[in-house]
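Got your viewer open? Follow the stops below one by one, selecting as you go.

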Amino acid sequence: MFRWTVDSAARNAAPMPHDDHDHSVLPPDPALRVKALETILTEKGLIDPAALDAIIDTYQNKVGPQNGAAVVARAWTEPEFHAALMADATAAVSEMGFYGRQGEHLVAVENTGDVHNMVVCTLCSCYPWPLLGIPPAWYKSDAYRARAVREPRVVLSEFGVTLPDETKLRVWDSTAEVRYLVIPRRPDGTEGWSVDDLAAIISRDAMVGCGLVTVPA
Amino acid sequence: MKRPEPAFAEPWHAQLFALTVHLNETGLFDWPHWADRFSATLKRHGVARELNGGDDYFNAWLETLEAVLSEQSLADPAQVDRIRNAWEQAYMTTPHGAPVRLI
């Protein structure tokens, strides 16, 4: 009987090269292992498959940088909210319906003319999920995790951000307990804009400190 | 306007993420403990080469979850291998287009 050998090439090859068997496309090895864990835990009554689907739906479709952008735009336009956010970000964003699933604490760090803030998780990939969704691959890569601390200005330049030499750079290392949201600088020329119009120009990268908010040409 | 990037590059990344979050929420382990363990795996894997934020990252995640579940006697490695192979057989013997199920 034909037996598919799972090697590193096969792991990355999806779908598998077609042979003359009319069978289903074999998922890569780790996908089969995840299915095995699900099967075992479901049989033990430890997981609810519907809950897994709901979590995936939440992070694929509902939670994303639009949440963080709504927070930032509000902070730019409502001085009271801005003060509350800087004093206790966890409480301020939960009032908007954004809660951390792991009970983590949120801290807002604000960019000014003097200071630019940037966020990393050097150990794994802690990230403010409720506000920004699932981190992009670059945030999870060894390259970013190591270099954001060692040579942050070089990393920023690769994102197209060049800061004046006199601007101080602060790099915040996230943990399982504390996550950071960067409040970028509001660009000139946006006076009188609505909160929604402002939110539309606030990017994920800007809220990690790897981008600036600019007015689209 | 640019289309947003998908949250997960592969379906199994999403499944694995959801499984772990669900187990945390049901109280099987707390998140700081998970982050410690996962960080240690990433560190170990990252000694020999630079890991990417895609399959490398989630392979380390899977290894960590398998280890945590094994230690808690919830899924022993031999059982995981056996059921993984059963799933492979199910895929190999299910006609294309039909739902794949364990027999």
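Before we start clicking, one term: two residues are in contact when they have heavy atoms within 4.5 Å of each other. Also keep in mind that this is a predicted model.

**Stop 1: chain A**

Select chain A and colour it by secondary structure. You should find 12 helices and four strands. Now think about who touches whom: among the contacts in chain A with a separation of 6 or more, 63% join residues 24 or more positions apart. Of the 217 residues here, 49% are buried. Switch on the surface and you are looking at about 10,200 Å² of exposed area, with 53% of it supplied by carbon and sulfur atoms.

**Stop 2: Val171(A)**

Stay in chain A and zoom in on strand β3, which covers residues 168-173; Val171(A) is found there. Is Val171(A) buried, partly exposed or exposed? Its relative accessible area is 29%, so Val171(A) counts as partly exposed; buried would mean under 20%, and exposed over 50%. Next, show what Val171(A) touches beyond its neighbours within four places in sequence: Met118(A), Val120(A), Ala148(A), Val149(A) and Pro152(A). Try a distance too: from the C-alpha atom of Val171(A) to that of Ala217(A), 46 residues along the chain, you get 30 Å.

**Stop 3: chain B**

Hide chain A for a moment and select chain B. Here you'll count four helices and zero strands, so to speak an α-α-α-α run from the N terminus on. Turn the chain around: its C-alpha atoms fill a box of roughly 50 × 40 × 35 Å along the principal axes. The radius of gyration is 16 Å, whereas a compact globule of 103 residues would have one near 13 Å.

In chain B, 47% of the 103 residues count as buried. Its accessible surface comes to about 5,400 Å², and 54% of that belongs to carbon and sulfur atoms. Now colour the charges: there are 9 positive and 14 negative ones, and their mean positions lie 4 Å apart.

**Stop 4: the core**

Bring chain A back. In soluble globular proteins, nonpolar side chains tend to be buried together. The largest nonpolar core in this model has 92 residues, and those touching the most other members are Leu85(A), Tyr144(A), Leu181(A), Phe17(B), Trp61(B) and Leu65(B).

Which residues does Phe17(B) touch, not counting those up to four places away in sequence? Select them and see: Ile55(A), Tyr59(A), Trp129(A) and Ile134(A) from chain A, plus Phe8(B) and Trp61(B) from chain B.

Conventions
Residues numbered from 1 in each chain as written. Chains lettered and ligands numbered in written order. Predicted model: local features only at pLDDT ≥ 70, side-chain atom pairs only at ≥ 80, totals over all residues. Heavy atoms only, no water. Helix = DSSP H or I, 4+ residues; strand = E, 2+ residues; numbered from the N terminus. Rg over C-alpha atoms; globule rule 2.2 N^0.38 Å. Buried < 20%, exposed > 50% of the residue type's maximum accessible area, 1.4 Å probe, protein only. Areas by Shrake-Rupley, 256 points an atom, 1.4 Å probe, with all protein chains shown as cover. Lys, Arg positive; Asp, Glu negative; His and termini not counted. Charge placed at Lys NZ, Arg CZ, Asp CG, Glu CD. Core = buried A, V, L, I, M, F, W, Y, C linked by side-chain atoms within 4.5 Å.
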